[in-house]
Amino acid sequence: MANIKSQEKRNRQNHRAYERNKAVRSELKTRSQNAVEAAEAGDAAQAEAMLAEAQRKYDKAVTKGVMHKSTASRRKSRLTAQVRSLLS
């Protein structure tokens with residue numbers, strides 16, 4: 001436990017940021033999973049819409065500082081390839 005007041009505050013700030021980031025990461029997984037499930041069901045229009053939404057969320061996570069841009073780019077690329085292969 002911290003003895004210094006500024007460190008106690010920093011711990012609180014870090015915890016709040018951790019909780020926010022955790023929620024964003026969880027939503028990213030959900031959006032990606034929705035796109036894959038729509039593709040598996042064979043609904044191309046729905047899958048494309050879900051894919052676009054997931055990509056938008058990844059871009060937003062990068063601008064918010066939740067994840068690195070290379071990580072988001074890699075995940076978007078892999079998700080797109082997976083959805084396209086399931087649809088073809």
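This talk goes through the nonpolar cores of this structure and two residues of helix H1, Ser32 and Glu8.

The model is predicted, so local features need pLDDT of at least 70 and side-chain atom pairs count only at pLDDT 80 or more, while totals for chains, interfaces and linings use all residues. Residues are numbered from 1 along each chain as its sequence is written, and side-chain values use heavy atoms, with hydrogens and water left out.

First, the cores. A nonpolar core here is a set of buried Ala, Val, Leu, Ile, Met, Phe, Trp, Tyr and Cys residues joined through side-chain atoms within 4.5 Å. Buried means under 20% relative accessible area, exposed is over 50%, and partly exposed lies in between, with a 1.4 Å probe and protein chains only. The largest core has nine residues, including Ala38, Ala54 and Leu79. Two or more residues come from each of helices H1 (5-41), H2 (44-64) and H3 (69-87); helices are DSSP runs (H or I, at least four residues), numbered from the N terminus. H1 gives the most, with four residues.

Within this core, Val83 touches Ala35, Val36, Ala39, Ala47 and Leu51, leaving out residues up to four places away in sequence. Contact means heavy atoms within 4.5 Å. Another core, of six residues, lies apart, and among them are Leu28, Tyr58, Ala61 and Val66.

Now Ser32, in H1. Ser32 counts as buried because its relative accessibility is 11%. Beyond its neighbours within four places in sequence, Ser32 contacts Ala54, Tyr58 and Leu79.

Glu8 is also in H1, but at 31% relative accessibility it counts as partly exposed. Not counting residues up to four places away, Glu8 touches Ala2 and Asn3.
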